[in-house]
Amino acid sequence: MTGDLRLLYDVRNIRGGYVAFAGDKGGYITGEGSISNGIVCFDKINYVKQIDHNLLSVSQICDKKFSVIFDDAGCYVLKPGFKIPQEWILLSAPRVNDLYILDMSQAITTSAQVTCFVSKATEKESISWHRRMGHIHLRKMNHLVKNNLVNGVHVRSFHLQDICVSCQKGKQTKKSHPLKKINTVSMPLERLHMDLFGPMKHKTTFGDAYCLVVTDDYSRFSWVSFMAHKSETPGILKDLLTMLENLYTLKVKRIRSDNGTEFKNQVMDEFCTSKGILHEYSSRYTPQQNGVAERKNRTIIETARTMLVESELPIQFWGEAVSAACYTLNRVLTVKRHGKTCFELLQRRKPDLSYLEPFGAPCTMIEPDGKFGAKAIEGFFLGYATPNFRVWNLATKKIELWSEVRVQRYTSPVRAPGDPWMFDYDGLFDSFNLPTFDEESAAARMLLESDNAAVSPLVRPIVVDPQASTSVNNMVQNEVYEDAADYNDSSEDDEYHDAAEGSSAPAAPVQGASVDTPHTQNVDTAEGNASTSTHIPGVELVVDLNLNNLGINARVPDNPEMRIHDTHPQQNIIGDVHRGVQTRNQLRNNRNAGLYSAIRESGQQNDWSFACYVSQEEPKSWKDALKDSAWVEAMQEELQQFHKLGVWKLVEKPENYKKIGTRWVFKCKKDDRGVVIRNKARLVVQGFRQIEGIDYNEVYAPVARLEAIRIFLAYASFKGFKVYQMDVKSAFLHGVVEEEVYVEQPPGFEDPVHPDRVWLLNKALYGLHQAPRAWYATLSTYLLENGFRRGLIDCTLFIKEQDGDLLLVQRIMQDKFEMSAMGEMNFFLGLQVQQTESGIFIHQTKYVGDILSRFQMSDATPIGTPLPTNHGITPDLKGEPVSPSYYRAMIGSLMYLTASRPDIMYPTCLLARYQVNPKASHLAAVKRIFRYLKAYPDTGLWYPRDNNFDLVAFSDSDFGGCKIDGKSTTAGCQFLGNRLVTWQCKKQTCVATSTCEAEYIAASSCCSQVLWIQQQLRDYGFEFLTTPIYVDNSAALDITRNPVQHSKTKHIEIKYHFIRDCFEKRLIDVVKVHTDDQRADLFTKAFDKSRFDFLLLVNGIKVKQE
């Protein structure tokens, strides 16, 4: 192919295809001819006029039987017939069409010696470059150098003999749990999985709070046992394993559990060693390795909850429901790899389901001595104790075993009488590790209910026999498994096969990797008669317990009729009973002092103190508030403040005036940690009913701007002094109302003598339109009378130039207002302020947590940047629409967060442009910002304590960045030393025709902000002139410095040219800055992680240091 027509002969015109060149150039083939140098001739040479270089195809040369050789000096075309010796060939690549393709993974090597054609790096060089390139992957390093994507690297191949430890520490992630393809268990009891769940929010009727679940790996048959404390687990497991080996004449070879102390202890180690049992532990944070037990826990809990809800029995019967669920599931669940039920795999016969009954259904039992009275006793069916049934006897109010039971299968259950918490099924299994509900008084009341109630109250049942002893009566023909091969008919393990289909960790009802329970080992022995019982001193036994239901250690107290006792066992008393009552000073030196000592050591005395005296919930109405003494006290405190300040007086309502309604607003005041510290009841008026011109006139009142607050904190860090905060109690009540306003009497506190009268306001109440203005007038007047001067720009700043400290200000304020010193400023207008010796840190960590929780993003996957570099955010007119209100709520929350998080300013402002018609793509981008906040919730502004307080500014723009109307984005940031105090990111109001114009308009906007800061700092005693504004566009600098109006700037609006006047007056100075050092870039576009982190660093945006 050539572009020189003079080189060709026998040229003929053709209409060929289009040939594309580099740089979006190309041309059409318009001719074809031949070329010759007198020795060699080539035909079919294409003519393209636009091509600048002649191209000759190697494949066409070879088609004429010539050979081509390349070396470092040139290219040689050899005569036909030239042969290369075979021993010279190192690599060969086959020809595919007109290309020679060399695949290094499949290339034919004719020499045993490996030859390298590129410059390889040594191990030392590879490690050095790996560190210099920021520990990127070796594959990416080779990709950069082999494709000539970077300069300055003299090698073309990197290799590492070993892994990089630093990369493993910083990047290592957990691999997915592998599937187990081969089943290694061939017979029952070869491996047992066990787990513990609890403590439950409410104890069982036996006082148990934990449940132990043991599952056989081969048959997936389960046993459950209940216990009051985790420490009972080793003893229960020892009895259970010994009993199973005796019942089935098989040996337990392996058991698997988590690393909980209830399983991993000296007692279990000694027992396993003596029995020759291998105890396997799952790795930390890897519940998948104990997935069989975890999934069985979930299945049993879900079934038990369902049965309990359907029965409408009180939640104290959850232990009975779990036992019944385990008994039933053993007979109805099948093992996929065997195609049989769990019962059949263990007992080697099919289960009989004819005797299964609905849990909690009404039933009757035959009275053996009822000759002339009723021959049946009413009760409720609770479970199985083969060959008997467990029932709740309404007459004796106990759980008993009966053989003759008639269950009413088709009768709907009736809810038992009791408090609502006794039927809170939803929170029963979902509330682990919560303090036990105080149910003593409720249970005692239920014992006094009428015997005619549909369901009798709860008592601790008696289910044991006085003649029984600690023995196991084996009445079952134990079958010996002689041929283990009968049980090895599958090659898949359900434990890992199920893990691929769903989550192997337990669902919500199960917490953690362990789940416990004793007193009831549910060992199913087919409908056999195996039964065990344990004699408890002082407990009367009624009948034997069967392994199929609750277990061998079921126990009850001597007196089940009452759970409230005047005397307690001495072993239940904490500490020495002879020491007597101790003071707090004595408790400080006593490590075993009990609860207070534990609270004191945890450093949460204040939190617990607040919890003792304040309510933790906000009432829905004033009627609910009157039921809580804490809120009644708060309401009375508010009204007492009214009386003290003379806010109103009770009068007859004039005929021509309309009264304004009042309402109570209740708020739990929290500190920056979210701990409730105060109950605040505020009486407000319904200001929306006020009429302008009658009830109010002027309403404007100056409010402190967040920029002014940041400037003040920057000045404080520069001066190195602490900032303290004071609060005026009921501030608005000090404002004098000039208009005549009548309001209703407060709800719940009406005058019993004059209920029809109204209150005439002398002072402003919260909710009035004029209340802020009245308070500001009162405060400013008082401060000015006491020697303060008001700021020239910021009317909310009052300064007094007098030697002294903040106590002087407090004393002055206390003369007129009721003040409270709040100590060092740490929480102000939603900003959290952390003052240290080295500087001031401003952040909104608490607010980040609140919005993450509000929009269900607390469990989102963290991410390193708020916006990807190639985000491609457009109006997306064809996208799926989303809820505008939900989208606007998320944007509004993020906009408030930008008060201390400039790192999300640009993406938030960008996505705020699509609030009218948001799409799914926009919502996904917003959620990415929340994922970034999840990764860095405690990022904020750092103001160091140094001597640099110079005012500098940076200005930048994103030309044509808006995809809706093509307008550019103005960005700017202003610093006091190294302290970022203000920043801007706003779409320009006009369409810029060039980058120069966009940068010029951005610089003009930045100049306005600089002038405002200069005026603001005059109140602090600073006079800033020729403030530098750094711009990275030379043309914009030239326009600013050149006062001559030329043609290229005539179309720019006049309001933007005031920057020239400011430059001439030496108020500002425009300075050229390199693009890489432009700090305002953070507010114009998205960046990769490295550039983004650099901009955060230079802008003083850091992560909170603990």
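**A first walk through the chain**

Trainee: Strand β14 covers residues 254–257, but in which sense do β14 and β15 pair, and over how many bridges?

Mentor: Keep in mind that this is a predicted model. One link to look for joins Ser257 to its bridge partner Tyr281 in β15. Taken together, β14 and β15 pair in the parallel sense, over four bridges.

Trainee: What is the order of the strands in the open sheet of five?

Mentor: In general, strands of a sheet pair through backbone hydrogen bonds, either parallel or antiparallel. Here the pairing is mixed, and the order reads β13-β12-β11-β14-β15.

Trainee: Which strands stand at the edges of that sheet?

Mentor: Look for strands with a single partner, because one side of such a strand is left without a neighbour in the sheet. The two that fit are β13 (222–227) and β15 (278–281).

Trainee: By how much are neighbouring strands of this sheet turned against each other on average?

Mentor: Ignore the direction of the strands for this one. The average turn between neighbours is then 20°.

Trainee: Two helices, α7 and α8, lie across β11, β12 and β13, so at what angle does each run to its strand?

Mentor: Take α7 (residues 291–311) against β11, where the angle is about 55°. For α8 (residues 318–332) the strand to compare with is β13, and the angle there is about 170°.

Trainee: Which kind of peptide bond joins Gly198 and Pro199?

Mentor: Go to the loop between β11 (191–197) and β12 (210–216), where Pro199 sits. Omega between Gly198 and Pro199 is about 0°, and the bond is cis.

Trainee: Is Gln856, with its positive phi, buried or exposed?

Mentor: Gln856 is in the loop between α20 (845–854) and α21 (884–897). Its phi is near 55°, a positive value in a residue that isn't glycine. With a relative accessible area of 62%, over the 50% cut-off, Gln856 counts as exposed.

Trainee: And how does Thr1026 come out, buried, partly exposed or exposed?

Mentor: Thr1026 also has a positive phi, about 45°, although it is not a glycine. You'll find Thr1026 in the loop between α24 (995–1018) and β42 (1027–1031). Its relative accessible area is 36%, which falls between 20% and 50%, so Thr1026 is partly exposed.

Trainee: Which residues touch the most other members in the largest nonpolar core?

Mentor: That core holds 91 residues. Its largest share, nine residues, comes from α24. At least three residues come from each of domain 3 (622–829) and domain 4 (948–1073). The ones touching the most other members are Phe930, Phe949, Leu1017 and Ile1068.

Trainee: Which residues does Leu1017 touch, beyond those up to four places away in sequence?

Mentor: Leu1017 is one of the core residues that touch the most other members. Leaving out its sequence neighbours, the residues it touches are Ile711, Phe949, Leu976, Phe1022 and Phe1024.

Trainee: How far does helix α18 reach from its first C-alpha to its last?

Mentor: Helix α18 covers residues 771–785, which makes 15 residues. Its buried residues include Ala771, Ala774, Trp775 and Thr778. At 1.5 Å a residue you'd expect 21 Å, and the reach in the model is close to that, at 21 Å.

Trainee: Which residue with a positive phi follows α18?

Mentor: Look just past the helix for a phi near 95°. That residue is Gly787.

Trainee: What separates the C-alpha atoms of Phe954 and Gly972?

Mentor: Phe954 sits in strand β39 (residues 951–958). It is buried, because its relative accessible area is 6%, under the 20% cut-off. Among the residues Phe954 touches are Gly972, Cys1006 and Tyr1030. Phe954 and Gly972 are 18 residues apart along the chain, yet their C-alpha atoms are separated by 5.5 Å.

Trainee: Which residues does Thr908 touch, not counting those up to four places away in sequence?

Mentor: Thr908 is in helix α22 (residues 905–911). It counts as buried, since its relative accessibility is 0%. The residues it touches are Ile891, Leu894, Met895 and Ile929.

Trainee: To finish, what part of the chain is made up of buried residues?

Mentor: The chain has 27 helices and 44 strands. Of its 1106 residues, the buried part is 47%.

Note on methods. Residues numbered from 1 in each chain as written. Predicted model: local features only at pLDDT ≥ 70, side-chain atom pairs only at ≥ 80, totals over all residues. Heavy atoms only, no water. Buried < 20%, exposed > 50% of the residue type's maximum accessible area, 1.4 Å probe, protein only. Core = buried A, V, L, I, M, F, W, Y, C linked by side-chain atoms within 4.5 Å. Domains from an automatic or database assignment. Contact = heavy atoms within 4.5 Å. Pairing = 2+ DSSP bridges. Axes fitted to C-alpha atoms, helices over the stretch in contact; angles between N-to-C directions. Expected span 1.5 Å × (residues − 1).
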